[in-house]
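Work through the exercises below with the sequence and the structure open. Each task is followed by a solution in steps.

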Amino acid sequence: MKNILFLFILSLVFTGCAEKNEQDDTAIPNDSAWWKQGVVYQIYPRSFKDTDGDGVGDLKGIIEKLDYIKSLGVTMVWINPIYSSPNADNGYDISDYRSIMEEFGTMEDFDVLLDGLHQRDIKFVMDVVVNHSSNQHEWFKESRSSRDNPYRDYYHWWPAEKGKPPYRYSLFDAAGDAWKYDSITNAYYLHYFSKEQPDLKWENPKVRQEVYELMKFWAEKGVDGFRLDAFQFAAKDTTYPEFPDDLEENFIQYYAMQPGLHDFLKEMNQEVFSKYEVMSVAEGAGRNFKEAHELVDADRNELNMAYAFEGVDIAKPEGYSLIHFKEVFSRWDKEFAEKGWLAVFLANHDQARLVSRFGNDDPRYRAAAAKMLNTFILTMRGTPYCYYGDELGMTNIGFDSISQYRDIAALNGYEKTKASGGDLDAYLTNLKFASRDNGRTPMQWNNTPHAGFTTGDPWLPVNNNYKTVNVVVQEHDANSVLNYFKKAVKLRKDNPLLVYGAYTLLLPEHEKIYAYTREWEGKKMLVLLNFSSEMVPLPVPVNEELEEVLLNNYEQVIYEEGVFSLQPYQALVYSLQP
Ligand code: NOJ
């Protein structure tokens, strides 16, 4: 590009710019809250840091990395389940809600971890998995032992003499069947996930009290929040009616938000949330906006926020439409602009890596794309959730053979596809792009064997790119994804505008650029994100004068006579003159 020499270079390296944004003192809204202003860092404990050489991450490993976590600037940490578990679903099958998984450590380790987070002013969010327990939980062992056991009614049972129960679809079952026959009492039990994860019967008040007590146990210990796993499925019609034939494709329509759920949440709020300074977030946001509001609007006294899947579900192996992506995020923002609150995220332990799904993991673009996507998460309204490793731009591992996978959903899905004569190649192609194991490979700390994650054999292999994509390398590179991430987090925390400010989408029909403004208390910022691997000319899309570059994931801004040339995956955040 020879005319590049003639272009007016507006600004050079962004380093230092973000530091200029001191905490804005202008009044924050009446309904402000620490959990709205916070930045969440999600840790998959199995994969974060192993200290005892068994190849599985542990609590001591997280303790060892507390200063690293602090250095990111994040203010909340959500750790996936750490309770005792036989690990059919990596901790989402809990066998004792009041103890720590042996592989992860001890309750003493937990206390040290919680204290270490609090000393660093970081809140801790506990994962609560109570739509189901493990089939190894004492409650279930009792429940299945006889029909008149006091725990029988803790789970959903269907006596076999009534014939086969009405079909229920299971998300993880190798046969897709959510009823499992149990010969001990000649009855079927219900499991929406794997057969090792029987659903608890929330309609039984004793179950509810057990759950509130265990939540109080953790609240008393000082945890600051709860993330409710799959809770929108908790209420069930215990007459077990037949469901229409489209159950499998549309299971959310039949399983989510069933009558009784709001009563359970109100009760939980009264019994637990209202008594402690804790925040609450639901996995799933109902089946429509109305239901999402009913979960999180403050006057409902149920939950603080929810995370919706419509946005994160957009990425597909064949690509996705940015116009659609913008439309979805803008629609959700608009709907919650006045009331209610949501999480903003593009990745978690149930998704593949953010840069591989929504950006571009080709080494030429990986770093820029990861920075750009992190800019998006950290400049939208809602509480940002950042998944471990995305601050480095970690990528999908992309397994080729089913034998490489560990995730129960991947393995049982393969069996199901095989049994039904489905296309196994297509299944594997999709898995290579979308599998949850892609997002669960060990954290890449340095360039020693296994990326410094473990001295043993890691439970899941480390991505081959760990020699270049790791914390140590990136800490020493001023332009790394990691250092950019820290600046973006700081910009977010220094500017309530980015938390509370009005969001306005610009250029909704542009196929490559996502542009928007955030505005609050007379201040305004412009965010420009190039979602493509091409250089894109872009006339300045606002009338105001550009004031200062607050974030730039490239060294330069290429700009001439009112037109930017946005470089591949470039992200720019400007303050605008009032
Ligand atoms: C949702 C969790 O995020 C996922 O990892 C888990 O497998 C299911 N719920 C079942 O608990």
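A polar contact is a pair of N or O atoms within 3.5 Å; within protein, one must be able to donate a hydrogen and the other to accept it. The model used here is predicted.

**Exercise 1. Which backbone atoms does the side chain of Asn396 reach?**

Step 1. Locate the residue: Asn396 sits in the loop that runs between β14 (383–387) and α13.

Step 2. Check its exposure. Asn396 counts as buried because its relative accessibility is 12%, and the cut-off for buried is under 20%.

Step 3. Find the polar partners. A polar atom of the Asn396 side chain lies 3.0 Å from the backbone oxygen of Phe433, and the side chain also reaches the backbone nitrogen of Arg353 at 2.8 Å.

Step 4. Add the other neighbours. Leaving out residues up to four places away in sequence, Asn396 touches Ala352, Ser356, Asp361, Lys432, Asn438 and Asn463, among others. The C-alpha atoms of Asn396 and Asn463 are 7.7 Å apart, with their positions 67 residues apart in sequence.

**Exercise 2. Is Arg353 buried or exposed, and which side chain does it pair with?**

Step 1. Arg353 belongs to the loop between β13 (343–344) and α11.

Step 2. Its relative accessible area is 1%, so Arg353 is buried.

Step 3. The side chain of Arg353 makes a polar contact of 2.9 Å with the side chain of Asp390.

Step 4. Residues that Arg353 touches, beyond four places in sequence, include Tyr387, Tyr388, Met394, Asn396 and Thr441.

**Exercise 3. Describe helix α14: its cap, its buried residues and what covers them.**

Step 1. At the N-terminal end, Asp423 acts as the cap, with a side-chain oxygen 3.0 Å from the backbone nitrogen of Asp425.

Step 2. Within α14 (residues 424–434), the buried residues are Tyr427, Leu428, Leu431 and Phe433. Phe433 is also the residue whose backbone oxygen lies 3.0 Å from the Asn396 side chain.

Step 3. The cover over these buried residues includes α11 (354–358) and α13 (408–419).

**Exercise 4. Which residues surround the ligand, and how much of its area does the protein cover?**

Step 1. List the shell: Asp89, Tyr92, His132, Phe172, Phe193, Arg227, Asp229, Glu283, His349, Asp350, Arg436 and Arg440.

Step 2. Sort the shell by class: seven residues are charged, three nonpolar and two polar.

Step 3. Look at the short distances to ligand oxygen atoms. A side-chain N or O atom of Asp229 is 2.8 Å from one, a polar side-chain atom of His132 is 2.9 Å from one, and for Arg227 the distance is 3.1 Å. On its own the ligand has 300 Å² of accessible area, and the protein covers 97% of it.

**Exercise 5. How does the radius of gyration of the protein agree with that of a compact globule?**

Step 1. For 578 residues, a compact globule would have a radius of gyration near 25 Å; the protein has 24 Å, so the two agree.

Step 2. Along the principal axes, the C-alpha atoms fill a box of roughly 85 × 50 × 50 Å.

Step 3. Of the 578 residues, 61% are buried. Among contacts with a separation of 6 or more, 70% link residues 24 or more positions apart.

Step 4. For the secondary structure, count 17 helices and 22 strands.

Technical notes:
Residues numbered from 1 in each chain as written. Predicted model: local features only at pLDDT ≥ 70, side-chain atom pairs only at ≥ 80, totals over all residues. Heavy atoms only, no water. Near = heavy atom within 4 Å. Areas by Shrake-Rupley, 256 points an atom, 1.4 Å probe, with all protein chains shown as cover. Nonpolar A, V, L, I, M, F, W, Y, C, P; charged D, E, K, R; others polar. Helix = DSSP H or I, 4+ residues; strand = E, 2+ residues; numbered from the N terminus. Rg over C-alpha atoms; globule rule 2.2 N^0.38 Å. Buried < 20%, exposed > 50% of the residue type's maximum accessible area, 1.4 Å probe, protein only. Contact = heavy atoms within 4.5 Å.
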